[in-house]
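Here are a few exercises to work through with the model open in your viewer. Try each one yourself before reading the solution.

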Amino acid sequence: MSWLVLVLSGVLEAVWATALGRSEGFSRPGPTAVFAVAILASMAGLAYAMRELPVGTSYAVWVGIGAVLTVAYAMVTGTEPVSVLKVVFLTMIVGGVVGLKLAH
């Protein structure tokens, strides 16, 4: 259960990171509200997962999922350019996250 919550919390990290960028310094209420709800839920899920999983592993998986999804979303929506190297390095992060799960 902790791994599922951790993965969902990583997804929410991408949500709050994207909403933070769209909030334009918290001047737009919609993205600001999404940011606030997503960051609270993401942190709560991370804290829950850390009750059973090691802190280092939990944090690395949470950040890895959030970072990959944030960049992937930005590339899909065209706000960030796509390059072969970016895709290769994002794939390496995913491999690291999977490796941490397998090594646990």
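Before starting, a definition: helix axes are lines fitted to C-alpha atoms over the stretch in contact, and the angle between them runs from 0 to 180 degrees between N-to-C directions. Keep in mind that this is a predicted model.

**Exercise 1. Find where the predictor's confidence is lowest and where it is highest.**

Solution. Start with the whole chain: the mean pLDDT is 97, and 100% of the residues reach 70 or more. Then go helix by helix. Confidence bottoms out in α4 (residues 84–103), with a mean of 95, and peaks in α2, at 98.

**Exercise 2. Work out how α1 and α3 are arranged relative to each other.**

Solution. Step one, get the geometry: the two helices, α1 and α3, pack at about 45°, and their axes are 8 Å apart. Step two, classify the angle. Roughly parallel needs an angle under 35 degrees, and roughly perpendicular covers 65 to 115, so α1 and α3 come out oblique to each other. Step three, add the hand: the crossing of α1 and α3 is right-handed. Step four, look at who makes the contact. On the α1 side the residues include Trp 3, Leu 6, Gly 10, Glu 13 and Trp 16, while α3 contributes, among them, Val 61, Trp 62, Gly 66 and Tyr 73.

**Exercise 3. Describe the largest nonpolar core and the surroundings of Trp 62.**

Solution. First, the core: it has 13 residues, and Trp 3, Leu 6, Trp 16, Leu 53, Val 61 and Trp 62 have the most contacts inside it. Next, its sources: α1 (2–22), α2 (29–49) and α3 (55–77) each give two or more residues. Now zoom in on Trp 62. Leaving out residues up to four places away in sequence, Trp 62 touches Leu 6, Ser 9, Gly 10, Glu 13 and Trp 16, along with Ser 42, Met 43 and Leu 46.

**Exercise 4. In the loop between α1 and α2, decide whether Ser 23, Glu 24 and Phe 26 are buried, partly exposed or exposed.**

Solution. The cut-offs come first: buried is under 20% relative accessible area, and exposed is over 50%. Ser 23 sits in this loop and has 0%, so Ser 23 is buried. Its contacts beyond four places in sequence are Arg 28, Pro 31 and Thr 32. Glu 24, in the same loop, has 54% and therefore counts as exposed. Phe 26, another loop residue, is at 47%, so Phe 26 is partly exposed.

Finally, check the backbone. Most residues other than glycine have a negative phi. Glu 24, however, has a positive phi of about 50°, and Phe 26 has one of about 65°.

How values were computed
Residues are numbered from 1 along each chain as its sequence is written. This is a predicted model: local features need pLDDT of at least 70, side-chain atom pairs count only at pLDDT 80 or more; totals for chains, interfaces and linings use all residues. Side-chain values use heavy atoms; hydrogens and water are left out. A nonpolar core is a set of buried Ala, Val, Leu, Ile, Met, Phe, Trp, Tyr and Cys residues joined through side-chain atoms within 4.5 Å. Buried means under 20% relative accessible area, exposed over 50%, partly exposed in between (1.4 Å probe, protein chains only). Helices (H or I, at least four residues) and strands (E, at least two) are DSSP runs, numbered from the N terminus. Contact means heavy atoms within 4.5 Å. pLDDT is the predictor's confidence in each residue, from 0 to 100. Angles under 35 degrees count as roughly parallel, over 145 as roughly antiparallel, 65 to 115 as roughly perpendicular and the rest as oblique. A crossing is left-handed if the near helix is turned anticlockwise from the far one by less than a right angle, and right-handed if clockwise.
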